[in-house]
Every structure is written in structure tokens, then in C-alpha cells.
Amino acid sequence: MRAVIATRAGGPEVLQVTDAPEPEPQPDEVLVRVAAAGVNFIDTYRRGGVYRMPFPHVVGSEGAGEVVAVGSEVTALTPGDRVAWASAPGSYAELVTVKERDALPVPASVDDTTAAALPLQGMTAHYLVVSTFPVVAGHDVLLHAGAGGVGLLATQLAAARGARVISTVGSPDKETLARAAGATDVIRYRELSDLTTELPALVRELTGGRGVDVVYDGVGKDTFDASLASLARRGTLVLFGASSGQVPPVDLQRLNAAGSLYVTRPTLGDYTATRDELLWRASELFDLAAAGALDVRIGATFSLADAADAHRALEGRATTGKVLLLP
């Protein structure tokens, strides 16, 4: 089979398409023919050595496809079933093994690309808005990278729960997408000369001087200080990613001085810790997508051979919505 490997820690240039042996499912696994694989920032962190990984390794962890074989202990899935997953190492390939406990049954009403686009970014948006800081009507929300994959989904989920969403984006085209997803106000951060001071000032102007109840920040280093300064008293900063780089250590006295603030650094694994919770989040998202109540934007698709270009586009913030590889 064809697969994309990271030959060593480095930039997108270390990605190569190679012929690899077909994987054999373990007793608790299913073998899946990949219809589409999700491209995510965590893939770039692993490729770049930010997260410790063996090299070489087949890149990717998300996708959707059809079960072609099952392990001896698998009970709920059979060949021909369609599944999606958020956590299966080696997903940039034509075939991948997925633990049965991680496989998400895909309804017939949801197509393969939508199914591949939802597990990681969709469940991230779901846990952020529903669980980490449960948004309710009347909340003011600041959401960075509002036209990205998580951003567009989280905006829709938060707006549906009655929140006012203030979104940051990098261009007029992305502003249009953020507003279409339900953002009430959009700030184009590239037009600000000093993000750390000007963004909080704009946020407070929009909220009558109060600030927002929660900031969902997947950007990290470039936005962290502005995010803290945008919060209302006892507000919460949810730092769920670091597309601009990791945030340096923080003096906790800053939280006291800024109004008894909260900061949390969640991860999807802790919000899908049981099979029941995993299926609950996934089924809610699939049901919303099938009903047309959740717009899942596929921003770009690439072939396996062009995986390096997909990483360049993602890291260069040149994408909107979900980026997929199509084997």
C-alpha cells in the first residue's frame, strides 16, 4: 500500500510517499480502507519533533473509510461497515488499523469526506463549547482562528446555544466565512499593529467594557497575552492548541491581578475518556451534520503525494475549514 512517512523531525519536506506493508489487525482492531484522512496541527507537531515520535513513522491519526477485515476479538463491527476515527496512528495511508473502541460508526446519511472531517476538529469544538466551558445564552465568547476547522464548527455550536461570538480572522474572505458560521463580530487581527493591546481594547469596546466570559484560543504564543487581557472578571481562557508556537511559562499571579481568571489546557483524550462519551460526542455531531444543522466545510483536499503541500498550507494559515488527504 502507499503511505506517507516522516523520515525525520523537520519541516514538510521530510514527508515522503512510500510503499509500505499492509498492516495486520490485532485482535481488538479493524483494518480499514481509508477514503479520506484528516490533516491536523497535531500531525505537524509530531512531524516537527514538538511531540516525541519514532522516526520514520506513518503520519496522521484521523480519517474515515470502510472496514475490510476485523480482529478475532471484535464484536460490533463487520467488513463493509463505514467508520471514522480521531485516533489511529498511520492514517495517511491507503489502509490503517483502528482499535474497535476508537471506531465511530458512520450513518448512511453522512458522506466519507464529512465523516473524515468531523472526528478530531468536531469533537474538539464539541468538548470546548459543551464541556470545558459550557456556553449558554448570554455568554460573550472570543474565538481565535474563527475560519479554521475548529473555529467554524465551534462558532456554530456556540451560536446555536445562544452565545455572542466575537471571532478573530486574518483576511476579509475569512471574515465572510466566520460571519456565515454565526459570529456576531469579527476582528481582522492582521490589521492591528499591536495585537496584545489593541485586540483587548476592541473586545472591551464590543462588550461595554466588561470583556468576554471565555476565550477559546488554539493559536497560542501570538495570542495568549491578548486573550488574557480580553477576559471579564472570573473569565476563562481555554488554550487548546498552539498553531503559532507554545506559550512560555506563566506567572500565576497574573491571573489574580487580572480579575481572578481561570486558564485551562485541555486535550481531546480527556473528554473522550470512555467509549460512551466518545460515541455521545460523535453521534451528536453526525446527527447535526446529517440534519443540515452543522455546516462542515471542506476547505482543501490533497492527494497522498501532496501531503507536504497540505502541511505547508495548514502551517501557513492559508486554509479554511478542514484539510483532507484523499488516497
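# Close-up views of a predicted model

**Figure 1. The whole protein in a predicted model.** Among contacts between residues at least 6 apart in sequence, 68% join residues at least 24 apart. The protein has eleven helices and 16 strands. Its C-alpha trace spans about 60 × 40 × 35 Å along the principal axes. For 327 residues, a compact globule would have a radius of gyration near 20 Å, and the value for this protein, 20 Å, agrees with that. Buried residues account for 53% of the 327 residues. The accessible surface amounts to about 13,800 Å², and carbon and sulfur atoms contribute 50% of this surface. The protein carries 28 positive and 38 negative charges, and the mean positions of these two sets are 6 Å apart.

**Figure 2. The salt bridge between Glu62 and Lys322.** The structure holds 16 salt bridges, and this view shows the one formed by Glu62 and Lys322, in which the closest N and O atoms are 2.7 Å apart. Glu62 sits in the loop between S4 and S5, while Lys322 belongs to strand S16, so the pair ties together parts that are 260 residues apart in sequence. Is Glu62 buried or exposed? Glu62 is buried, because its relative accessible area is 0%. Lys322 has a relative accessibility of 1% and therefore also counts as buried.

**Figure 3. The surroundings of Ser61.** Ser61 is placed in the loop between strand S4 (57-58) and strand S5 (63-70). With a relative accessible area of 6%, Ser61 is buried. Which residues is Ser61 in contact with, leaving aside its neighbours within four places in sequence? These contacts are Asp43, Arg46, Trp85, Ala86, Ser87, Ala88, Pro89, Ser91 and Leu120. Tyr92 is 31 residues from Ser61 in sequence, and the C-alpha atoms of the two residues are 7.6 Å apart in space.

**Figure 4. The cis peptide bond from Phe55 to Pro56.** Most peptide bonds are trans. The bond from Phe55 to Pro56 is cis, and its omega is near -5 degrees. Pro56 is located in the loop between helix H1 (41-48) and S4.

**Figure 5. Lys174, a buried residue with no salt bridge.** Lys174 is part of helix H5, which covers residues 172-181. How far away is the nearest side chain of opposite charge? That side chain belongs to Asp173 and is 9.4 Å away from Lys174. A salt bridge requires a nitrogen and an oxygen within 4 Å. Not counting residues up to four places away in sequence, Lys174 touches Ala147, Val169, Arg317, Thr319 and Thr320.

**Figure 6. Arg317, with a positive phi and a salt bridge to Asp222.** Arg317 is found in the loop between helix H11 (307-315) and strand S16 (322-326). Its phi is near 55 degrees, a positive value, and Arg317 is not a glycine. Most residues other than glycine have a negative phi. The side chain of Arg317 meets that of Asp222 in a salt bridge, with an N to O distance of 3.7 Å. Asp222 lies in the loop between strand S12 (212-217) and helix H7 (224-229), and Arg317 in the loop between H11 and S16, so this pair ties together parts that are 95 residues apart in sequence. Arg317 has a relative accessible area of 25% and is therefore partly exposed. Asp222 also counts as partly exposed, because its relative accessibility is 44%. Arg317 is one of the residues that Lys174 touches.

**Figure 7. Ser260, a residue with a positive phi.** Where does Ser260 lie? Ser260 is in the loop between helix H8 (253-257) and strand S14 (262-264). Ser260 is not a glycine, yet its phi is positive, at about 55 degrees. At a relative accessibility of 42%, Ser260 counts as partly exposed.

**Figure 8. A network of salt bridges.** Which residues are linked in this network? They are Glu175, Arg179, Arg188 and Glu191. Within it, the side chains of Glu191 and Arg188 meet in a salt bridge, with an N to O distance of 2.6 Å. Glu191 is exposed, because its relative accessible area is 56%. Arg188 has a relative accessible area of 25% and is therefore partly exposed.

Note on methods:
Residues are numbered from 1 along each chain as its sequence is written. This is a predicted model: local features need pLDDT of at least 70, side-chain atom pairs count only at pLDDT 80 or more; totals for chains, interfaces and linings use all residues. Side-chain values use heavy atoms; hydrogens and water are left out. Helices (H or I, at least four residues) and strands (E, at least two) are DSSP runs, numbered from the N terminus. The radius of gyration is taken over C-alpha atoms; the globule rule is 2.2 Å times the number of residues to the power 0.38. Buried means under 20% relative accessible area, exposed over 50%, partly exposed in between (1.4 Å probe, protein chains only). Contact means heavy atoms within 4.5 Å. Accessible areas come from the Shrake-Rupley method with a 1.4 Å probe; for residues, only the protein chains shown count as cover. Lys and Arg count as positive and Asp and Glu as negative; His and the chain ends are not counted. The place of a charge is taken as NZ of Lys, CZ of Arg, CG of Asp or CD of Glu.
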